[in-house]
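User: I should like to learn how to read the parts of a protein model and the contacts between them. Please guide me step by step.

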Amino acid sequence: MASMREIKRRKESIQNTGQITAAMKVVSTAKLQKAKGRVEASKPYFQHMYDAMYSILAKSSNISHPYLQKNSSKKKAVIVITSNRGLAGGYNNNVVKLLTQGAHKKEDILVYAVGRKGRDSLRRAGFEIKADYSEVMNEPMFSDAIEIGRAVLDAFSNEEVGEIYLAYTVFKNTITQIPTLMQLLPVAVTPKEETEKPSIEDLVLMNYEPEPEEVLDQIIPKYVNSLIYGALCEAVASENGARMQAMDSASNNAQDMIADLSLKYNRARQASITQELTEIVAGASAIE
Amino acid sequence: MADNKLFRVQVVSPERIFYENDIEMLEVRTTEGEIGVLPGHIPLTSIIAPGVVRFKVNGETKEAALHDGFLEILPDKVLVLAESCEWPDEIDMNRAKEAKIRAERRLKGAEGEINVSRAELALRRALLRLELSEKYKIKH
């Protein structure tokens, strides 16, 4: 059995760690609330943008536009959104796994990294990091999304890449976050469920000013930007949700370990007292 | 306004729902020029150019700076998706002044076409902000 002092030292160290994890949990809970508010606030814009995109594409089926078709390049740009800090359970690893265990070949992928953790592990795994926007993760703004969007769209129109993907963690609720790989370009708008009768909006003949092609030329980048912004906001919320959970279970584990060690410590104390007593009694009887 | 009909307008920006109300008339600048929207306008999708947007409601006119986005006129409502949009009292004049100087400086020593068009856009945004905040500072 370990000595009393050893057990005591170990217990104290776990107590300290437990204090840190408990504090971190409180911090990430507070941050999560803030991030959740942002996700909520960005949702209407994104939803309207999606609806608008969908209705434009649905009403004008014969539009041909470079953003709607694959180009000749086989390369794929992937915007990978992870966190700058660890201690968030499997959060970063799950996003990275989308690429390392995904269907796409490593050689075909160009990574646009947002978040230091994902960037580092992908670099170690041998992926090509095209650009790094890690500092964005601290406080994502819409202008950051515009900047990233511009970079990937430029690569797409220069035929450096043929497809653009977004790898991030969808924030479903505080305890569920789903790592997702989503296609940005060519635009793949999944049709809504067929309703029995088309709504009024579907029947209207839309006019475009300027021409539909030019309108799409302007709107698709905005659509991509809004998706990136939405993903950034959700990723921040997911990160804090994941960290909150990880820290919660770490604190619980620390409690369990402390309880276990306290028991061991008390036993050791009891044992040493008993031993001392036996020694004294034995010594006294030897003198007589 | 003869029959005083209203229509719903929604201005949505990434950070918030900027404005939502039933109004009499909407004025907005598109890439094709300024347009005014009254109830019963034909369906139209257009791109927004930096400019002042005006909402006319109950005879009063509200103004805001609208920088970028697009506009969708549907039979039952008008939807403006704005990448950035501000009320006059939200504009930071000092920042706008700085941005204006920066953009002008860049335009003078610019090389490459992308930078010129970007700086021009920035300049237009700064001028719009200054114009609007100047106007409302005098009023209040």
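**Domains, contacts and packing**

Analyst: The C-alpha centres of domain 1 of chain B and domain 2 of chain B lie 22 Å apart. This is a predicted model, in which local features need pLDDT of at least 70, side-chain atom pairs count only at pLDDT 80 or more, and totals for chains, interfaces and linings use all residues. Residues are numbered from 1 along each chain as its sequence is written, while chains are lettered from A and ligands numbered from 1 in the order in which they are written.

User: Where do the domains of chain B begin and end?

Analyst: Domain bounds come from an automatic or database domain assignment. For chain B that assignment gives domain 1 (7-86) and domain 2 (91-139). Their contact draws 7 residues from domain 1 of chain B and 6 residues from domain 2 of chain B; two residues are in contact if their C-beta atoms, placed from the backbone, lie within 7 Å.

User: Which element gives the most to the side of domain 1 of chain B that touches domain 2 of chain B?

Analyst: Elements are DSSP runs numbered from the N terminus: helices (H or I, at least four residues) and strands (E, at least two). On that side of domain 1 of chain B, β6 (51-57) and β7 (60-73) of chain B each supply at least two residues, and β7(B) gives the most, with 3 residues.

User: How is chain A divided?

Analyst: Chain A has domain 1 (4-21 + 246-287) and domain 2 (38-194 + 202-242). The centres of these two domains, taken over C-alpha atoms, are separated by 53 Å.

User: How many residues does each chain give to the contact between chain A and chain B?

Analyst: Chain B gives 23 residues and chain A gives 24 residues. β5(B) provides the largest share of the side of chain B that touches chain A, 4 residues. By class, this side of chain B has 12 nonpolar, 5 polar and 6 charged residues. Here Ala, Val, Leu, Ile, Met, Phe, Trp, Tyr, Cys and Pro count as nonpolar, Asp, Glu, Lys and Arg as charged, and the others, Gly among them, as polar.

User: In which sense do strand β6 of chain A and β5(B) pair, parallel or antiparallel?

Analyst: Two strands pair if DSSP finds at least two bridges between them. Strand β6 (residues 207-209) of chain A pairs with β5(B) in the parallel sense over 3 bridges. Within this pairing, Asn207(A) has Leu44(B) as its bridge partner in β5(B).

User: What is the strand order in the open sheet of chain A?

Analyst: The order of its 5 strands is β3-β2-β1-β4-β5 (chain A), with mixed pairing. Because β3 (128-132) and β5 (177-185) of chain A stand at the edges, each with a single partner strand, one side of each is left without a neighbour in the sheet. Strand β4 (residues 163-171) of chain A pairs with β5(A) in the antiparallel sense over 8 bridges, and Tyr165(A) has Gln183(A) as its bridge partner in β5(A).

User: How do α4 and α6 of chain A pack?

Analyst: Two packed helices are described by the angle between their axes and the distance between the axes. Axes are lines fitted to C-alpha atoms, for helices over the stretch in contact, and angles run from 0 to 180 degrees between N-to-C directions. Helix α4 (residues 142-157) of chain A packs against α6(A) at an angle of about 125°, with the axes 8 Å apart. That makes α4(A) oblique to α6(A); angles under 35 degrees count as roughly parallel, over 145 as roughly antiparallel, 65 to 115 as roughly perpendicular and the rest as oblique. Among the residues that meet are Phe142(A) and Leu153(A) in α4(A), with Pro221(A) and Leu232(A) in α6(A). The residues of this contact of α4(A) with α6(A) comprise 10 nonpolar, 2 polar and 1 charged.
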